Every structure is written in structure tokens, then in C-alpha cells.
Amino acid sequence: MVLPMPVTFEAIVDNVRQAAALAGETAAGQALAQRMADEAALLRATVRARVRRPRLFVDLWFGRHERTTGGLSFVHDLVELAGAENVFGARGDGYCEVDPAELQTAKPEAVLIFTEEDDHPVDVPALVRERGWERLPVVVSDICLLYT
């Protein structure tokens, strides 16, 4: 069974339900999905109580192709759940090319760089210097979540 690529956090929760049902564990899947939804609701309430959220740029590298996340992706939802503001969250797409001029105007306060493939490594220190991010918190991740 192929599950759809989730567009929202809620779609991730739905995929959990579907995967559990396919594995014959419907009750466990429902329980996990409910726990995820409850914890997300708690996080949302906590985030709303914050005075200010840091502006985060999500830099996704799929091989040699750099992308970021707009408002129509589960990554956007996870950024918001974490208490940050996705600098490109107002864009009406999921994954989009990075426009250097638009990125400069966005003025991120923190950067999350996701590098997926070893075939096309990203020189993160060079990227940070090139973009003038030396004073920003930069987190690098190579964690890959596969939905196949």
C-alpha cells in the first residue's frame, strides 16, 4: 500500500491510522493518532501564548536541488508546532525553489538545513558564509522521513 505524501500535520496523523490499520493494529493506530493530535493541540496553545516566534528558514537539499517549504507542506506545520514562523509560510505551495533575493528580504533569525543525499553533499560552512548567516543559529539535519 502506498500512502500519500502528507501535506499537513493532520495528514501525517491520518497516515499513522492507515498504516496501523493495514498492519492489523487499528486500535493502537487510533490511540497513537489521538495522542499525536492531543500533543499538537497542546503545542499550538503554548505557541499562541508566546509573544514572539523566531523567523525560521528551512533549507531543503534534495541532491543538488535546493528547495524551501511554503505553507502547503507538513514541514511548515511542524515548524509552526515547534514555535517558529516559517519565513515562506505565506507562499501557496509546498516545496519551492529558493529565490536568493526573496531569501535576503525574508531576514530569517534561524536556519534549518536538511541535506538528504551523500551523492551531492552540501558544503554547509561555505553556504553559511556565502549567505551571511554566521551570527544565526544554524541546525543541520540529515534525517530522512520516507513515505513510500
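Biologist: Against which elements do the buried residues of α2 pack?

Modeller: This is a predicted model, in which local features need pLDDT of at least 70 and side-chain atom pairs count only at pLDDT 80 or more, while totals for chains, interfaces and linings use all residues. Residues are numbered from 1 along each chain as its sequence is written, and side-chain values use heavy atoms, without hydrogens and water. The buried residues of α2 (buried: under 20% relative accessible area, exposed over 50%, partly exposed in between, with a 1.4 Å probe and protein chains only) are Gly29, Ala33, Ala40 and Val47. Helices (H or I, at least four residues) and strands (E, at least two) are DSSP runs numbered from the N terminus, and these α2 residues pack, by contact of heavy atoms within 4.5 Å, against α1 (9–22) and α3 (74–81).

Biologist: Which strands pair with β5?

Modeller: Pairing requires at least two DSSP bridges between two strands. Strand β5 (residues 110–115) has 5 of its 6 residues buried. Parallel pairing over 6 bridges joins β5 to β1 (residues 55–62), and parallel pairing over 4 bridges joins β5 to β6 (residues 138–141). Tryptophan 61 has threonine 115 as its bridge partner, and phenylalanine 114 has serine 141; the strands are thus β1 and β6.

Biologist: Which element gives the most to the largest nonpolar core?

Modeller: A nonpolar core is a set of buried Ala, Val, Leu, Ile, Met, Phe, Trp, Tyr and Cys residues joined through side-chain atoms within 4.5 Å. The largest has 13 residues, with Phe57, Phe88, Leu103, Ile113 and Trp133 making the most contacts inside it. At least two residues each come from β1, α4 (100–106), β5 and α5 (124–131). The most, 3 residues, come from α5.
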